[in-house]
Amino acid sequence: MKESFWAAMIVMLGIISIFLVYYFQTVTNTSEHNYELLKETTEAAMFDALDLPAYRNDETIRIDQERFVASFYRRFAEDATLAHEYKIYIYDVHQEPPKVSIKVDTFDMSAWFSLGSSQTRIALSNRIDAILETKY
């Protein structure tokens, strides 16, 4: 009888460890996907928002703030995962020299925890500060 309790405990520990590995793998993949999405979207939106007439006139490199924000939201929405809820904070957009600071909080739609009478959601945060660099 004692050996059967050990066998049941080992099976339960195995199931719990598989659940924990799956959970941390999901969190890691979500965080990595969001960071790569944030990095690539920011770079592409900065190139979309380049002010070409200013560059042609006096060779200053600057971005248009409204075009950057519109392009960033459009590109981010195209590639975002529908199983998550996102909150995007654009902290700083400098037009010249081109610099942006962005933070994205990701909430899993199924990750709700009840602590007492209140419900809590876990957020993954990714932040990037980007400066547009050119060869010239």
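How much accessible surface does the protein chain have, and what share of this surface belongs to carbon and sulfur atoms? In this predicted model, the accessible surface of the protein chain comes to about 9700 Å², and 60% of that surface belongs to carbon and sulfur atoms. Of the 136 residues in the protein chain, 24% are buried. The points below go through the fold, one helix, the salt bridges and a surface patch.

**Overall architecture**

- The protein chain contains three helices and three strands, and their order along the sequence follows the pattern α-α-α-β-β-β.
- Among the contacts in the protein chain with a separation of 6 or more, 53% are accounted for by residues that lie 24 or more positions apart.

**Helix H3**

- Helix H3 takes in residues 65-79, and at 1.5 Å a residue its 15 residues should span 21 Å, which agrees with the 22 Å between its end C-alpha atoms.
- The buried residues of H3 include Phe68, Ser71, Phe72 and Phe76, and because the buried residues fall within an arc of 125° when seen down the helix axis, they line one face of H3.
- On the face of H3 that is turned away from its buried side, the exposed residues are Glu66, Ala77 and Glu78.

**Salt bridges**

- The count of salt bridges comes to nine, and three of the pairs are described here one by one, starting with a pair in helix H1.
- In that helix, which covers residues 2-48, Lys39 and Glu36 lie three residues apart, about one turn of the helix, and their side chains meet in a salt bridge with an N to O distance of 3.7 Å.
- A general point about helix geometry bears on this spacing: an α-helix has 3.6 residues a turn, so residues three or four places apart point the same way.
- Both partners of the H1 pair are partly exposed, since the relative accessible area is 30% for Lys39 and 35% for Glu36, and partly exposed refers to values between the cut-offs of 20% and 50%.
- Asp64 forms a salt bridge with Arg67, in which the closest N and O atoms are 3.3 Å apart; Asp64 is partly exposed, with a relative accessible area of 23%, and Arg67 is also partly exposed, with a relative accessible area of 37%.
- Asp92 forms a salt bridge with Lys99, in which the closest N and O atoms are 3.4 Å apart; Asp92 has a relative accessible area of 25% and is partly exposed, while Lys99, at 25% relative accessibility, counts as partly exposed.
- Salt bridges that share partners also join Asp48, Arg74, Arg75 and Glu78 into one network, and Glu78 is one of the exposed residues on the face of H3 turned away from its buried side.

**Nonpolar surface patch**

- Ile16, Phe19, Leu20, Tyr23, Phe24 and Ile122 form a nonpolar patch on the surface, and together these residues have about 580 Å² of accessible area.
- Helix H1 gives the most to this nonpolar patch, with five residues.
- One of the patch residues is Tyr23, which has its place in helix H1 and counts as partly exposed at 32% relative accessibility; this value satisfies the requirement that patch residues have over 30% relative accessible area.

Note on methods
Residues numbered from 1 in each chain as written. Predicted model: local features only at pLDDT ≥ 70, side-chain atom pairs only at ≥ 80, totals over all residues. Heavy atoms only, no water. Salt bridge = Lys/Arg side-chain N within 4 Å of Asp/Glu carboxyl O. Helix = DSSP H or I, 4+ residues; strand = E, 2+ residues; numbered from the N terminus. Buried < 20%, exposed > 50% of the residue type's maximum accessible area, 1.4 Å probe, protein only. Expected span 1.5 Å × (residues − 1). Arc of directions from axis to C-beta. Contact = heavy atoms within 4.5 Å. Areas by Shrake-Rupley, 256 points an atom, 1.4 Å probe, with all protein chains shown as cover. Patch = residues over 30% accessible without salt bridge, like charges linked within 9 Å, V, L, I, M, F, W, Y side chains within 5 Å.
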